[in-house]
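Subject: Structure handover

Hi,

Here is the structure I promised to pass on to you. Below it you will find my notes on the salt bridges and cavities, so do have it open while you read.

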Amino acid sequence: MDGSGSAAIFPNTRTPEDVFTDFRARRAGILKALTTDVEKFYKLCDPEKENLCLYGLSNETWEVTVPAEEVPPELPEPALGINFARDGMPEKDWLSLVAVHSDAWLIAVAFYFGARFGFDKDARRRLYTMINNHPTVFEVVTGSRKKQPKAPSSNGKTKSSSKKPNSNSKPAKLPPPKQEEQFMKEDGGDRDQAYLCGTCGGRYSNEEFWIGCDICEKWYHGDCVRITPAKADYIKQYKCPACSNKRSRE
């Protein structure tokens, strides 16, 4: 590397779609830490330990560890010392704070790659549009994002939000919606109409098992909440991790 910063020093050309794939994987890892793995994450953030950071990894996992020692670091670093505030504020507020800083870090990493790979104005806009199509980590963790339309039942009718969960109803796989466009056009359609997973924020795709929470009525990838179709057959009333944690603390 000659330090000139020219595009020529990066022989493997990267596209906005490549960077978005990395962003989505890191985001999925952080969402797991703050939702389905929240108890493990909470325990790892011991205030008695050194300055800790939450990292989302490109294989959709997460890690709580000390920051990189090299200066400057290879990638932008997440918020430092998230563990120190854990016991000084309500858990919900602390998780929200970590979520906000995680959103800022995810954007920083994505646009670091954009600068490194020499993205022009149009490429940066494309990257931001793909990122902006997903709810933020903060919105998912706090439940403040716009409610997505309810998943249709097997007869094609939309589930009524005023209807109380039926204890006899079993979780089901979503019927496939219209084929998604590859990554989204900047000015295309009503993006709020797609079904999004309540954990990772990912969109529905064919051949994936989804399960709906009978309490909050959000939908989830079976893999994200560790529910298989076989296990779902024995569940009379499904509660997502967020609703289960909420009820156990009340």
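Let me start with the charged pairs: the structure holds 5 salt bridges. Please keep in mind that this is a predicted model. I will go through some of the pairs here.

One of them joins Arg 226 to Asp 37, with 3.3 Å between the closest N and O atoms. Arg 226 sits in the loop between strand S4 (219-221) and helix H6 (229-232), while Asp 37 is in the loop between H1 and helix H2 (38-44), so this salt bridge ties together parts that lie 189 residues apart in sequence. The two partners also differ in their surroundings: Arg 226 counts as exposed at 60% relative accessibility, whereas Asp 37 is buried at 13%.

Another salt bridge links the side chains of Arg 86 and Asp 87, at 2.8 Å from N to O. Which of these two is buried, and which is exposed? Here the arginine is the buried one: Arg 86 has a relative accessibility of 12%, and Asp 87 is exposed at 51%.

Then there is the salt bridge between Arg 125 and Asp 122, where N and O are 3.0 Å apart. Both residues belong to helix H4 (residues 121-132), and because they are 3 residues apart, about one helical turn separates them. Arg 125 is partly exposed, with a relative accessible area of 33%, and Asp 122 is partly exposed as well, at 47%.

Now for the empty space. The structure holds 2 cavities of 30 Å³ or more.

The largest has a volume of about 40 Å³. Its lining is made up of Leu 54, Pro 78, Ala 79, Ile 82, Val 98, His 101 and Ser 102. Helix H3 (residues 91-116) contributes the most to that lining, with 3 residues. Sorted by class, the lining has 5 nonpolar and 2 polar residues, with no charged ones.

The second largest cavity holds about 30 Å³ of space. Around this cavity are Val 19, Asp 22, Phe 23, Arg 26, Leu 106, Val 109, Ala 110 and Phe 113. Helix H1 (16-34) and H3 are the elements that give two or more residues to this lining. Its class make-up is 6 nonpolar and 2 charged residues, with no polar ones.

Happy to talk any of this through once you have had a look.

Best wishes

Conventions. Residues are numbered from 1 along each chain as its sequence is written. This is a predicted model: local features need pLDDT of at least 70, side-chain atom pairs count only at pLDDT 80 or more; totals for chains, interfaces and linings use all residues. Side-chain values use heavy atoms; hydrogens and water are left out. On a 1 Å grid over the protein atoms alone, a cavity is a set of points where a 1.4 Å probe fits but cannot get out, and a pocket is an open set with protein on both sides within 12 Å along at least five of seven lines; lining residues have an atom within 4 Å of a point. Grid points are joined across faces, edges and corners, and a volume is the space filled by probe spheres set on the points. Helices (H or I, at least four residues) and strands (E, at least two) are DSSP runs, numbered from the N terminus. Ala, Val, Leu, Ile, Met, Phe, Trp, Tyr, Cys and Pro count as nonpolar, Asp, Glu, Lys and Arg as charged, and the others, Gly among them, as polar. A salt bridge is a side-chain nitrogen of Lys or Arg within 4 Å of a carboxyl oxygen of Asp or Glu. Buried means under 20% relative accessible area, exposed over 50%, partly exposed in between (1.4 Å probe, protein chains only).
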